[in-house]
Amino acid sequence: MKIKISPLIYTLIFLIIFFIFYKGLQNSNIYTPNLKIEENIPSFKAKIFNNDKFISEKIFQKDKFYLLNIWASWCVPCREEHSFLTKLNKEEKIKIIGLNYKDDKKNAKIFLKELSNPYDVILLDEDGTVAIEWGAYGVPESFLIYNNKIVKKIIGPINEELLTEIKILIQ
Amino acid sequence: MASLIGSYSLILGFCCSLIIFFFSVRNFKSPKRFDYKILSFTFLQLFFVIVSFVGLIISFINSDFSNETVFNHSHTTKPLFYKISGTWGNHEGSLLLWLLVLTLFIFLFLIKSKKQPNNYRILTSMFQQIIIIGFFIFLIKTSNPFSYIFPIPNEGLGLNPILQDPALAIHPPILYLGYVGSSIIFSSALAATTLNFISKDWAKHIKVWVLISWIFLTLGILLGSIWAYYELGWGGFWFWDPVENVSLMPWLALTTLLHCILALEKRLILTSWVIILSIATFTLSMCGTFLVRSGILNSVHTFANDPERGLFILIFLFSLVFLSLFIFFFFHKNENNNNSFFWLSKESSILVNNWFMMYFLSVVLVGTIYPIFLEVITSEKISVGPPFYNKLIIPFLIPFLLSMAIGPKLKWIKSEIQNKMYLVLFLFISFFISFIIIKNLDINFLINSILLTSSFYLFFITLRDFFIKGYQNLSQNLAHFGFSLLILSILFNNIYSTEVITNLKVGQTFKSKSLIIDFQSIDKKNEKNFQAIIGKFKIKELDNETIILNPELRVYNQPNIITSEADIKTNLLKDRFITMNLVSNQDYFNIRYQDKPFMIWIWLSVLLISFAGLMSLLKKRYEN
Amino acid sequence: MRFFKFFIVIFFLVYSNLSNAQDSDLKNEITKNLRCLICQGQSVYDSDSEFANSLKILVEKKLNEGLKEKQIYEYLKSKYGEWILYDPEFNKNTYFLWLLPILMFLIGGAIILKLFIQKKN
């Protein structure tokens, strides 16, 4: 009896392995982070771009929308996204806060002069550690914040679609 | 033109497969005489595949960008050597190489197996042709190396710079000889099972093929490691990266088979186990191909991936698995009753070897594919990295090393331990030496001292055998000695490695208690396919003379990638290894200087191990 | 047997000498166990990407703040998920990962033992 069962068991095991590999093939192997929403904003400490004063998560007031945007002058997609930020800046309900990521101050100033400054406040992240507190991977990346909670996380540059989405969200 | 010939030649080769298959079936029904048409067509097939492969090489040399493969992986400014090695530095070309080796091996097999029964030879050829047909279809259908593009581009996209390296140019062919060599073992084991031909003779005859693929696989892995060591630029040589694991798994299975087949050859025991291992070896090679080519894994080495290809290999792989399962369960009769073991005998030591090898294999296998399973079942992603493998493998190395020392001393069937005094004495000496070494260091790990003791034990026991036994069992002893040397050098390398990471501008000097790094200057140099920034560093260690090291940053033009080339000064005692890296928006460089003792011994010991394999192979030939 | 006892005593002597690794070593140790999320299959220690470099600095900062190795892993896990840790934790997701090889070892041992016992019958 035992002899007849074992081929079946092995066949079954290999069928299961086959099925799992087959399923696995359809998954993308590029890691996309878990976009958990409704997460509390992290506590952090960062310098302000212009006056070297330190600031913490307390700049985010309740009942207000904020967009934290991580940018750098050396980052090419940031240039593309800039015009959308400028458009978003015209909305009154939202404040845009920039986080200048691992940048040269001079270059950053030139960048803002060239493309206008959509940010209400700019924070400084010289060594990239503040961005990690936010759970970011790189630049550009944006977080929509309401009531001290992260409502939406955007990895990569903001585009037309995302802009309208943000506009709807803050209404 | 060359491309066109190659393309047609490939189709002709495929036709040969069908013809051979037809003749094999006909001949198999009346196997009184071996039908020489099979042999001739196998040769013809080999010829067509060679023509096709040469055609691809010529397209690469001529930078014929009407060929899509050439366009994607070559560039006119590349040196000739890398144009040629670019042929197999990509998915399509490497598969063609794989096919070439497959056809070459079956041809050699048919020539070399004239003493074997006809129906066994025919059946082996049939199974091998099944594999070959599968690869032909795969190649022609999903990854044709001769696809045509129109309009013809003026310039190619270039080869990934980290692949433009001498070690990596010969790494794939050697590795494939190992991987594909196992296909012969697979086909022959299936044929022998079907015909109930598993015998001492068969073991003796197939052992040659096991040895050949084992030697090439060992060398292939070694080359890959050496390449990773100096090219990836962070001084490690084994990262437990999925793609490395994938080459390690067939190696573990082959090594197990190599030991196990000895027991079969001498005593006709463990027949089922040998069959399972023969099947497993090739299945694992194929599984590796699947994991690497389908892009299912997240690794440094993955080829550009295409789900269609993955699906094809997956179906092909499992067809072979089910075919072997079917043959194993329906044809294999486990008739011999002399499956008896005395606990202290050579065959039980082989069993112990198999036991540990299978454990290591299962660790690597589970660690590599578990994340895939978990993601499919729970859609959670986890990483399995070096700590996992270290934790599960290192403790088990200790008994493994000890049994490696004692095992070969035992006799077949039944053995008593004579002269056990010296075995104990050696253990004591090894422990004493390890104790002294570990005591003077501030990293006193329990595991380190035991591990060191057991590797020294193996080292001394095998060393003693060189003098006592002389030429008897020399290859086996040499291989075990090489392994002890490997573990010892890895251990010392781990224990004594030191490292300095610092940021330096040109002209600055780094000073510590035992080391001065003087960043003297940088130079620029223009090469045909890249621009190099060469740093000049003067390194002075307290107990050493001053040396100059010149690490490079290379800015490749096609594709535009910056790589960092390490500069390494090697001597018998240690490697001094330096890399420099750009830091964005800063005028300093990130300098990483490493002192890596006994590095060269790691390579040498693996070379020694494969040399032992070669010796055993030559000895076999001589005896025949 | 006496031999083994002797060894055990010596090992414990050696073991008691255990000294703590230095901070920079600890930092390297930790970064070796972290996956660089934007690279393909490299550890943070081995990578020179922006993300990895920042993470190295962060680990150093956290160590200076007095966090333990475990706490740093926990902290990063909460930010980036388990994917960042190369050393998978032992939890319900990984029972099989850790236990399957051990189970195989035990089964192998049992098979071998059975072969030895068979002879006596």
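Let's start with a term: a residue is called buried when its relative accessible area is under 20%, exposed when that value is over 50%, and partly exposed in between. Keep that in mind while looking at this structure, which is a predicted model.

**Chain A on its own**

Chain A has five helices and eight strands. If you walk along the chain from its N terminus, the elements come in the order α-β-β-β-β-α-β-α-β-α-β-β-α.

What radius of gyration does chain A have, and what would a compact globule of 171 residues have? The globule would come out near 16 Å, but chain A has 23 Å. The spans of the C-alpha trace add to that picture: along the principal axes of chain A they are about 85 × 35 × 30 Å.

Of the 171 residues in chain A, 46% are buried. Now take the contacts in chain A with a separation of 6 or more: 72% of them come from residues 24 or more positions apart.

**Salt bridges**

Here's a bit of background chemistry. Side chains of opposite charge can pair when their charged atoms come close. Over all chains, the count in this model is 20 salt bridges. Here are three of them, with the distance between the closest N and O atoms or from N to O.

| Acidic partner | Basic partner | N to O distance |
|---|---|---|
| Glu114(A) | Arg79(A) | 3.5 Å |
| Glu133(A) | Lys62(C) | 3.6 Å |
| Glu565(B) | Arg554(B) | 3.9 Å |

Start with the pair inside chain A, where Glu114(A) forms a salt bridge with Arg79(A). This pair links distant parts of the chain, with Glu114(A) in helix α3 (residues 105-115) and Arg79(A) in helix α2 (residues 76-89), 35 residues apart. Are the two partners buried, partly exposed or exposed? Glu114(A) has 55% relative accessibility, so it counts as exposed. Arg79(A) has 38%, which means that it counts as partly exposed.

The pair Glu133(A) and Lys62(C) crosses between chains. Glu133(A) sits in helix α4 (residues 129-133) of chain A, while Lys62(C) sits in helix α3 of chain C. Glu133(A) is buried, because its relative accessible area is 16%. Lys62(C) is buried too, with a relative accessible area of 10%. There's one more residue to add here, since Glu133(A), Lys62(C) and Glu65(C) are linked in a network of salt bridges.

Over in chain B, the side chains of Arg554(B) and Glu565(B) meet in a salt bridge. Arg554(B) lies in strand β6 (residues 552-556) and Glu565(B) in strand β7 (residues 561-565), so the pair ties together parts of chain B that are eleven residues apart in sequence. Arg554(B) is buried, with a relative accessible area of 17%, and Glu565(B) counts as buried at 11% relative accessibility.

**Where chain C touches chain A**

Let's zoom out from that cross-chain pair to the whole interface. Here, 17 residues of chain C are in contact with 15 residues of chain A. The area buried between the two chains is about 1400 Å², and carbon and sulfur atoms give 53% of that area. Which three residues supply more of the area that chain C buries against chain A than any other three? They are Ser54(C), Lys79(C) and Tyr80(C), which supply 34% of that area.

The interface between chain C and chain A holds three salt bridges. It also has eight residue pairs in polar contact, counting pairs with both residues at pLDDT 80 or more. On the chain C side, α3 (50-64) and α4 (69-80) each supply at least two of the residues that touch chain A. Helix α3(C) gives the largest share, nine residues. What kinds of residues make up this side of chain C? They divide into ten nonpolar, three polar and four charged.

**A buried serine in chain B**

Finally, have a look at Ser59(B), in helix α2 (residues 36-61) of chain B. Ser59(B) has a relative accessible area of 1%, so it is buried. Which residues is Ser59(B) in contact with, leaving aside its neighbours within four places in sequence? They are Ala2(B), Ser3(B), Asp64(B), Asn67(B) and Val70(B).

Methods. Residues numbered from 1 in each chain as written. Chains lettered and ligands numbered in written order. Predicted model: local features only at pLDDT ≥ 70, side-chain atom pairs only at ≥ 80, totals over all residues. Heavy atoms only, no water. Contact = heavy atoms within 4.5 Å. Buried area = accessible area lost by both parts, 1.4 Å probe. Salt bridge = Lys/Arg side-chain N within 4 Å of Asp/Glu carboxyl O. Polar contact = N/O pair within 3.5 Å; in protein donor to acceptor, adjacent residues only side chain to side chain. Helix = DSSP H or I, 4+ residues; strand = E, 2+ residues; numbered from the N terminus. Nonpolar A, V, L, I, M, F, W, Y, C, P; charged D, E, K, R; others polar. Rg over C-alpha atoms; globule rule 2.2 N^0.38 Å. Buried < 20%, exposed > 50% of the residue type's maximum accessible area, 1.4 Å probe, protein only.
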